[in-house]
Amino acid sequence: MEGSEVAQGSPRKRRRVGLDAGTVARAAVELVDDEGVEALTMTNLARRLGVTQPALYAHVDNLAAVQRSVGLYGMRQMSEELRTAVLGRSGDGALRALAEAYRDYVRRHPHRYALQQRAPRTEEYHEVGERAAEAVRAVLRSYGLPEEEVPAAHQFFRAAISGFVVLDVDGSADAGFEYFLENFAEMLRRRAS
């Protein structure tokens, strides 16, 4: 058949030349960023790629798999942004950079972030998330926080920041965000001493 090739391992599935799982995932990320989570359907994705809906199934299993790939893509990008934000910093400067990078990422990609939160907690998800977690824990350790307290402080930070990004939707988080950062930093210094 012109314009397609047989998929490896499946004599009945046909793959369109130039279309692969990575291309489908990138198109799904763009669709979510442009139009929101609800717009991510196989029909809309096929339209964006200029293919028929059945053509997508040669590259992805189903919509849940596409949503998972968008969530993982977002996790990877967010992890790298957080790591970059804190590179070479410590203490209050690192904490502020970390919190602002997290918040800025969600402001730029709210729909992608929503899929990140819904993604199944697979081994791959945990591996990707661990890169972001390493950055958070490094910031907490930079205060001299005892190692046994790092997990709880990490959970506290993550819960608070997640709450602030939800409040950002209605624009009411700014004063509380500053209050949290100042008091969380003070608590970390106190716990370290």
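The side chains of E81 and R108 meet in a salt bridge, with N and O 2.4 Å apart; the term covers a side-chain nitrogen of Lys or Arg within 4 Å of a carboxyl oxygen of Asp or Glu. Because E81 sits in helix α4 (residues 63–86) and R108 in helix α5, this pair ties together parts that are 27 residues apart in sequence. Helices here are DSSP runs of H or I with at least four residues, strands are runs of E with at least two, and both are numbered from the N terminus. E81 is partly exposed, at a relative accessible area of 22%, and R108 is partly exposed too, at 40%. With a 1.4 Å probe and protein chains only, buried means under 20% relative accessible area, exposed means over 50%, and partly exposed lies in between.

A word on what you are looking at: this is a predicted model, in which local features need pLDDT of at least 70 and side-chain atom pairs count only at pLDDT 80 or more, while totals for chains, interfaces and linings use all residues. Residues are numbered from 1 along each chain as its sequence is written, and side-chain values use heavy atoms, leaving out hydrogens and water.

Back to the charged pairs. Side chains of opposite charge can pair when their charged atoms come close. The count of salt bridges comes to 16. One of them joins D92 and R189, whose closest N and O atoms are 2.6 Å apart. Here D92 of helix α5 is linked to R189 of helix α9 (residues 174–192), 97 residues away along the chain. D92 is partly exposed at 41% relative accessibility, as is R189 at 34%. Helix α9 also carries R191, which forms a salt bridge with E149 at 2.9 Å between the closest N and O atoms. E149 lies in the loop between α7 (123–141) and α8 (150–167), 42 residues from R191. Elsewhere, E30, D34, E35 and R48 are linked in a network of salt bridges.

Now follow helix α5 (residues 91–108) to its meeting with helix α6 (residues 110–118): their axes come within 5 Å and cross at roughly 110°. Axes are lines fitted to C-alpha atoms, for helices over the stretch in contact, and angles run from 0 to 180 degrees between N-to-C directions. That crossing makes α5 roughly perpendicular to α6, a label for angles of 65 to 115 degrees. On the α5 side the contact (heavy atoms within 4.5 Å) is made by Y102, Y105, V106, R107 and R108, and on the α6 side by P110, R112, Y113 and Q116.

What fills the interior? The largest nonpolar core has 35 residues, and L95, Y102, L140, F157, F180, F184 and L188 have the most contacts inside it. Such a core is a set of buried Ala, Val, Leu, Ile, Met, Phe, Trp, Tyr and Cys residues joined through side-chain atoms within 4.5 Å. Helices α4, α5, α7, α8 and α9 each supply at least two of its residues, and α5 gives the most, with 9. Not counting residues up to four places away in sequence, L95 touches V139, Y143, F157, L181, F184 and A185. Apart from this core lies another, of 20 residues, including L19, L40, V51 and L56.

Finally, step back to the whole chain. It has 9 helices and 2 strands, in the order β-β-α-α-α-α-α-α-α-α-α. Of its 193 residues, 43% count as buried.

How values were computed. Parallel < 35°, antiparallel > 145°, perpendicular 65-115°, else oblique.
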